[in-house]
Amino acid sequence: MAYETPLTIAEVMQDISNNKYVLPSIQREYVWDTEQVETLFDSLMQDYPIGAFLFWEIEKARLQDYDFYEFLRNYHEKNNTHNKKVDLKGSDGVTAVLDGQQRLTSIYIGLKGSYAYRLKYKQKKSENAYPVRYLYLNLIDDAQDETNKYDFRFLTDKEFGEMTEGFWYKVGDILFMTQPGETSQYVLDNIAFAGTYTKEQTMHANNTLQKLYNVVHTDKTLSYYKEKASELDKVLNIFIRVNSGGTVLTYSDLLLSIASAQWENHDAREEITDFVDDINSIGGGFRINKDFVLKTALVLTDFPNIAFKVDNFNKSNMMKIEMNWENIKRAIKLSVHLISSFGYTGETLSSNNALIPIAYYLLTIGMPDNFVESGATKENRSKIKKWLIMTLLKKVFSGQPDNVIRPIRDIIRENGNNEFPITEIIDKFKGTNKSIQFTEDDIDEYLLKLRYGKSETLSVLMLLYPSLDFSNKFHEDHMYPRSKFKKSYLRKMGISEDRLDTYINSVNDIGNLQLLAAQLNEEKLDTDFDVWFHKQQVTDTDKIQYRKIHYLPDMDYTYDMFLEFIEKRKKLLKKQLKAELM
């Protein structure tokens, strides 16, 4: 591999715009934040080494053997994070970047593009939450932090217009300068003759802008090596080695590249990336990634070896996965819809691996379209839901999930088209460290000690409310309102000093939690529980029914009775949990 003559940033940026530099499908997507980009530009200005690049030269005859992607120019956290596939028909050959994608993309965005990230506390779905930012350089002042000398900042148009300190130069405009003298003329026209800047600031601006010009146009800043091999295996080996540090490269990035080269009727990278986006938008949103989809594909295609490693994604296996791709997608998507109907989201589903046996079961029974809604499958859905809750509570997919997934798959396969084999699965793992059986100690020392905010707490509440329709939204509600558990209010309610800390420590206890329809919970707000209960449940029949559904002891719900209420309700919860789990 030869070390080549270094290049200027300007010529590489132009070649990237003309798709002479592209990204192979083995490259991960762009992951740098604005602070990293700003620091990179500061390093360039201070003549710090930013590392050599590794390029892969591909001749015209081999262009169609692989998939290549454009560099991101305008990064948008919501609408534009995926690199687009590039059409290289008619090209005489290209240079693919094996090492340095993040750095080159950052320079490209800083000089020729933009960066839009979500503002804190703004809704993810709102377009206004992602203002577009451009990279600027303060010409008259240095940075005020300890690490960077030059003050680079990504600013929105609004922020730029409201800047009262400094003189902010849009970094990309340096590309329009073609002669060194243009920097001095710019400073004369915009700073020296403005009458509002000191001589020192003018000199600082002149030096800073001239330095930026040199870094981009004159200095041979980008050092690189070039690999000319055409064999994918060799290139993958090189790529894995050079990407062993920094932001971790996932197996899925490599596997998608292999799939893209081996699939004949689909673009694996685009298919799986789009599919991940699709299933993550179901219900309240999920956190499925490409690794999960590829892993599930191994299981659902019935390969004996389901280990998530490159060897299992050979050409033969990838062809089988492609043949079954539509069914794989449908089974995964149906499983996500199903657990969404149970009330789970990405925030509360503690293990995505628990989805894999469900997807395999749905594939085995033919993935009926109406499975999630049909009255005929209600009992079967209940079995799946109970199994899911038990496995999540027992954390059986932690550690080595393959040792759980393989035997469950065997049981489901042997079970055929019958209802979900929860009993057989429980029996299979009985007495092992992956058992999903519960003892009375499990209930006393684990489940009944869960508190508000834990994903396991929601799972227990789902178990206690089997008849709720989670197509409607439900909240984990504090029956005695948490906002009232302040010492001042509790004293007002007549609670003695020696009980105040116990009260406050107990308000998040599972004994004080119920699942309540979202609208009803919003109307309830911080109303004292005894007031709300009698207002909501007017008749004796209403009260009896509500107590039955929510496992409430028949007693007064005043503040003075709170600790007794928690104790008695836990006994009722324990009785129901024993009935469900033992």
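Of the 582 residues in this chain, 51% are buried. Keep in mind as you turn it around that this is a predicted model. The chain has 24 helices and 13 strands, and its C-alpha trace spans about 90 × 65 × 35 Å along the principal axes. What share of the contacts between residues at least 6 apart in sequence joins residues at least 24 apart? The figure is 74%. As for the outside, the chain exposes about 28,100 Å², with carbon and sulfur atoms supplying 47% of that area.

Let's begin with the aromatic rings. Two numbers describe a pair of them: the distance between the centres and the angle between the planes. With ring centres required to lie within 6.5 Å, the count here comes to 37 aromatic pairs. Take tryptophan 387 and phenylalanine 397 as a worked case. Their ring centres are 6.3 Å apart and their planes sit at 80 degrees; an angle over 60 counts as edge-to-face, so that is what this pair is. Tryptophan 387 belongs to helix 14 (residues 378-394), while phenylalanine 397 is in the loop between helix 14 and helix 15 (402-415), so the pair ties together parts ten residues apart in sequence. Both tryptophan 387 and phenylalanine 397 are buried.

Now move on to tyrosine 480 and phenylalanine 562. These two also make an edge-to-face pair, at 4.8 Å centre to centre with 65 degrees between the planes. Here the link is between distant parts of the chain: tyrosine 480 is in the loop between strand 12 (474-478) and helix 19 (487-492), phenylalanine 562 is in helix 24 (residues 562-581), and 82 residues separate them. Are these two residues buried or exposed? Tyrosine 480 has a relative accessible area of 0%, so it counts as buried, and phenylalanine 562 is buried at 0% as well. The pair also has company. Tyr480 and Phe562 are part of one aromatic cluster whose other members are Phe485, Tyr489, Tyr503, Phe529, Trp532, Phe533, Tyr546, Tyr557, Tyr559 and Phe565.

Rings can have charged neighbours too. Arginine 103 lies over the face of phenylalanine 53, at 4.3 Å from the ring centre. Lysine 394 does something similar with phenylalanine 438: its charged end sits over that ring, 4.8 Å from the centre.

That brings us to charges that meet charges. Side chains of opposite charge can pair when their charged atoms come close. The structure holds 33 salt bridges. In one of them, the side chains of aspartate 369 and arginine 330 meet at 2.8 Å, N to O. This bridge links distant parts of the chain, 39 residues apart: aspartate 369 is in the loop between helix 13 (355-364) and helix 14, and arginine 330 is in helix 12 (residues 325-342). Aspartate 369 has 64% relative accessibility, so it counts as exposed, whereas arginine 330, at 37%, is partly exposed.

Next comes aspartate 427, which forms a salt bridge with lysine 430; the closest N and O atoms are 3.2 Å apart. Aspartate 427 is partly exposed, with a relative accessible area of 43%, and lysine 430 is partly exposed at 43% too.

For a bridge with a longer reach along the sequence, look at aspartate 444 and lysine 574, which are 130 residues apart. Their side chains meet at 3.1 Å, N to O. Aspartate 444 is in helix 17 (residues 440-445) and lysine 574 is in helix 24, the helix that also holds phenylalanine 562. Aspartate 444 is partly exposed at 24%. Why does lysine 574 count as buried? Its relative accessible area is 19%, and buried means under 20%, so lysine 574 falls on the buried side. Salt bridges can also join up: Asp302, Arg409, Asp410 and Arg413 are linked in a network of them.

Finally, a look at the backbone. Most residues other than glycine have a negative phi. Asparagine 19 goes the other way, with a positive phi near 60 degrees. Asparagine 19 is found in the loop between helix 1 (9-17) and strand 2 (21-24), and it is partly exposed, with a relative accessible area of 23%. Aspartate 47 also has a positive phi near 60 degrees, and this residue lies in the loop between helix 2 (34-45) and strand 3 (53-59).

Technical notes. Residues numbered from 1 in each chain as written. Predicted model: local features only at pLDDT ≥ 70, side-chain atom pairs only at ≥ 80, totals over all residues. Heavy atoms only, no water. Phe/Tyr/Trp six-rings, centres within 6.5 Å; stacked < 30°, edge-to-face > 60°. Helix = DSSP H or I, 4+ residues; strand = E, 2+ residues; numbered from the N terminus. Buried < 20%, exposed > 50% of the residue type's maximum accessible area, 1.4 Å probe, protein only. Lys NZ or Arg CZ within 6 Å of the ring centre and 35° of its normal. Salt bridge = Lys/Arg side-chain N within 4 Å of Asp/Glu carboxyl O. Contact = heavy atoms within 4.5 Å. Areas by Shrake-Rupley, 256 points an atom, 1.4 Å probe, with all protein chains shown as cover.
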